Amino acid sequence: MTADPITPVLTKRWLSPYSWKLDIYEKLEGYTALRKALKGTPEQLVQLIKDAGLRGRGGAGFPAGIKWSFMPPNEDKPHYLVVNADEGEPGTCKDIPLMMADPHSLIEGCIIASYAMRSHHCFIYVRGEALHCIRRLNAAVREAYDAGYLGVDILSSGFDLDITVHAGAGAYICGEETALLDSLEGRRGQPRLKPPFPAAAGLYAAPTTVNNVETIASAPFIVNGGADWFRKMGREKSPGPKIYSISGHVEKPGQYECPLGTTLRELLDMAGGMKDGIPLKFWTPGGSSTPMFTVEHLDTPLDFEGAAEAGSMLGTTAVQVFNETVSVPWAVMKWTQFYEHESCGKCTPCREGTYWLAQILERMVAGHGTEEDIDTLLDVCDNILGRSFCALGDGAVSPITSGIKYFRDEFLALCEKNKAAKPELVGAQA
Amino acid sequence: MTQSEQAQAEQPLDEIFDEDIVAKAENLIERYPQSRSALLPMLHLVQSVQGYVSQEGISFCGKHLGLSDAEVTAVATFYTMYKRRPCGEHLVSICTNTLCAALGGDEIYQAVREHLGTDGKPLGHEETVGTPGEKGSITLEHAECLAACDLGPVLQVNYEYFDNQTPEKTIALVDALRAGKKPAPTRGAPLTDFKGAELQLAGFFPEDPIQYRADVDGPSQAVETLRGAQLAQERGWIAPVIEDVPLPEVQKK
């Protein structure tokens with residue numbers, strides 16, 4: 001049996017008026033999964049998430065159940081669950097609508113996950129610019145406390161949990177989990193060396209799990225439906241539904257929750273096709289940090305394996321679609337300027353590399369580039385990829401290397417008029 | 001340093017940050033297992049008073065958290081949302097990241113810069129038109145991806161979303177702000193001002209229940225946001241039906 005093209009699970013309640021309020025949430029099966037979960041044991045919940053094959057929705061796709069199982073069984077130190085709601089990867093716009101429309105699903109997920117990991121304090125680190133989400137989450141947390149879903153002895157289970165909603169302050173790097181932890185500790189958001197991993201020494205050096213919003217919000221549905229239900233959607237190694245955010249030159253951009261493995265061709269069909277019929281040129285499967293694709297990849301299954309086999313990554317399923325009118329070197333330059341601005345400065349390859357990459361691209365786009373600049377770009381990229389402290393550096397080179405791979409001619413064309421010029425000899429006048 | 005900044009610099013801390021702000025700072029510290037975690041919200045709090053993070057704001061945070069001015073400054077200068085110069089009544093942030101830019105975000109930013117500029121000089125990034133603290137003053141900035149790409153080109157005023165912008169729409173918006181009006185955002189709460197937004201970012205929301213409800217219930221259900229769910233409903237597409245199944249059995253270790 002194959003699932004329908006769109007499988008509204010996380011997005012289903014979004015259609016209901018006032019879906020963010022507790023009474024509406026409760027009418028729509030809200031907090032039923034929590035009651036069921038609290039009757040089970042933490043071990044059962046971890047096993048369930050493992051069985052379901054839920055993979056992290058923040059970009060890396062690490063199996064959530066395995067991550068949860070890394071938390072120590074004892075409680076020698078407090079355990080923390082930290083939700084990464086610092087949505088900022090260019091193109092990504094799924095967690096913010098989720099938290100606005102259905103904040104209680106995230107909170108219910110937090111309670112279930114905290115119970116499974118023996119955590120009694122959960123932090124939701126929300127991107128500062130997402131003020132309306134912060135407001136809705138705070139209101140939802142307040143409602144949940146009043147209704148006895150949070151606080152002491154939740155639903156007479158003996159389990160206690162507090163949730164703190166924490167606003168960030170504008171730093172893309174804080175989406176990196178260890179930078180997020182430093183930021184949450186009141187420091188500059190710079191990544192930490194791993195190991196130790198957060199499960200061993202995370203927030204305040206205590207066992208911590210950091211999960212993305214969409215991952216945690218999936219937990220209540222898995223508790224209610226079971227692993228087999230979840231696996232009816234998506235593919236063997238990438239099960240479940242996923243919110244694909246389609247933006248750019250399409251007729252109907254928006255949020256489409258489809259089974260993992262859906263292709264761009266199918267997504268474009270749902271989104272009304274290319275805007276004004278202007279043909280597709282390039283697109284990202286999951287944000288600017290995932291190498292770009294072209295028309296060749298219309299039928300690539302967009303799940304963790306499919307995107308990787310085709311030379312990219314699934315990332316955050318932020319499908320940014322660009323038509324023939326957009327210059328690839330220009331787009332790459334814009335993205336590179338973003339990484340230059342957001343590089344935290346901790347490690348040299350990323351700090352210096354993004355700085356020089358942006359300058360070279362700016363020069364090329366302004367028409368002053370030479371063919372050698374392409375080699376210089378690739379050389380700098382080679383010195384960043386795998387050599388920087390965290391994944392920001394790896395992400396920064398993705399648009400450049402993939403852009404040159406598929407559209408080298410466009411970069412060359414920018415250098416054309418500088419090619420004819422004779423090399424100037426030092427000290428010599430023409 | 002301007003005259004007003006100089007006058008402020010000579011003001012003692014407890015005159016700038018009154019009892020209410022001190023109580024709020026103490027309340028922030030109580031929310032965390034370790035006090036230093038309250039630093040980011042506390043920096044938002046001092047911005048809600050002065051419209052930027054001043055030297056006194058830094059000392060205030062340091063005093064309450066047992067940190068040196070240097071430690072607080074290191075943090076304040078790291079994050080884009082902490083402004084080092086007084087912000088206008090409103091902060092207008094225009095997304096110029098690649099996708100919004102391709103859809104017209106760069107044009108919008110240029111048009112607004114020129115429109116708000118004086119003597120033929122366009123307004124620059126993080127520059128203010130009007131006098132900070134006075135009605136109708138605007139600080140302009142270009143922003144990185146604001147996570148509303150399906151609604152691009154987007155901008156924010158005091159971090160509330162104005163979606164699907166054009167140069168004409170944005171110029172009308174900034175003109176209205178300059179004239180002291182507060183147009184409703186596409187998604188978000190009714191506009192207050194930059195300082196009001198910062199107070200909410202610090203974690204303090206309106207105590208008046210009517211205003212609180214109006215803020216929380218401010219619109220969010222954009223057509224774009226609901227498109228997938230709507231299409232599924234029209235076509236009768238659903239997720240597999242949920243049947244109640246027991247949690248898996250596990251071996252007791």
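The following paragraphs describe the fold of chain B, its contacts with chain A, and selected residues in a predicted model.

Chain B has 253 residues, of which 47% count as buried, and its secondary structure comprises 11 helices and 5 strands. Taken along the principal axes, the C-alpha atoms of chain B fill a box of roughly 70 × 60 × 35 Å. When contacts in chain B between residues at least 6 apart in sequence are considered, 64% of them join residues that are at least 24 apart.

The strands of chain B form an open sheet of 5 strands, arranged in the order β2-β3-β1-β4-β5, with mixed pairing. At the edges of this sheet lie β2 (127-129) and β5 (160-162) of chain B, each of which pairs on one side only. On average, and with direction ignored, neighbouring strands of the sheet are turned by 30° against each other. Helix α7(B) packs on the sheet, where it touches β1, β2 and β3 (138-143) of chain B, and the direction of α7(B) makes about 145° with that of β1(B). Within the sheet, strand β1 (residues 90-95) and strand β4 (residues 155-157) of chain B run antiparallel and are joined by 3 bridges; S93(B) has Q156(B), in β4(B), as its bridge partner.

Among the helices of chain B, α6(B) offers an example of how burial can be distributed around a helix axis. In α6(B), the residues V72(B), V75(B) and A76(B) are buried, and they lie on the same side of α6(B) because they cover an arc of only 100° around the axis. As a general point, an α-helix has 3.6 residues a turn, so residues three or four places apart point the same way. The buried residues of α6(B) pack against two other helices of chain B, namely α4 and α5 (55-65).

The two chains meet through 65 residues of chain B, which are in contact with 84 residues of chain A. On the side of chain B that touches chain A, at least two residues each are supplied by α4 (39-50), α6 (69-76), α7 (98-116), α9 (194-201), α10 (209-216) and α11 (223-235) of chain B. The most is given by α11(B), which contributes 10 residues to this side. Sorted by class, the side of chain B that touches chain A has 39 nonpolar, 17 polar and 9 charged residues.

The largest nonpolar core holds 203 residues, and V82(A), V83(A) and I112(A) are those that touch the most other members. Helix α9 (residues 213-231) of chain A provides the largest share of this core, with 10 residues. When its neighbours within four places in sequence are left aside, I112(A) is in contact with A33(A), L34(A), A37(A), L45(A), A219(A), P220(A) and V223(A). More generally, nonpolar side chains tend to be buried together in soluble globular proteins.

A further residue of chain A, P5(A), is found in the segment before α1 (22-27) of that chain. P5(A) is classed as partly exposed because 18 other C-beta atoms lie within 10 Å, whereas a buried residue would have 20 or more. Although P5(A) and Y256(A) are 251 residues apart in sequence, the distance between them in space is 9.6 Å, C-alpha to C-alpha. Not counting residues up to four places away in sequence, P5(A) touches C258(A), E266(A) and M270(A), together with W237(B) of chain B.

Notes: Residues are numbered from 1 along each chain as its sequence is written. Chains are lettered from A and ligands numbered from 1 in the order in which they are written. This is a predicted model: local features need pLDDT of at least 70, side-chain atom pairs count only at pLDDT 80 or more; totals for chains, interfaces and linings use all residues. Two residues are in contact if their C-beta atoms, placed from the backbone, lie within 7 Å. Helices (H or I, at least four residues) and strands (E, at least two) are DSSP runs, numbered from the N terminus. Ala, Val, Leu, Ile, Met, Phe, Trp, Tyr, Cys and Pro count as nonpolar, Asp, Glu, Lys and Arg as charged, and the others, Gly among them, as polar. Two strands pair if DSSP finds at least two bridges between them. Axes are lines fitted to C-alpha atoms, for helices over the stretch in contact, and angles run from 0 to 180 degrees between N-to-C directions. A nonpolar core is a set of buried Ala, Val, Leu, Ile, Met, Phe, Trp, Tyr and Cys residues joined through C-beta atoms within 7 Å. A residue is buried if 20 or more other C-beta atoms lie within 10 Å of its own, exposed if 12 or fewer, and partly exposed in between; C-beta atoms are placed from the backbone. The arc is that of the directions from the helix axis to the C-beta atoms.
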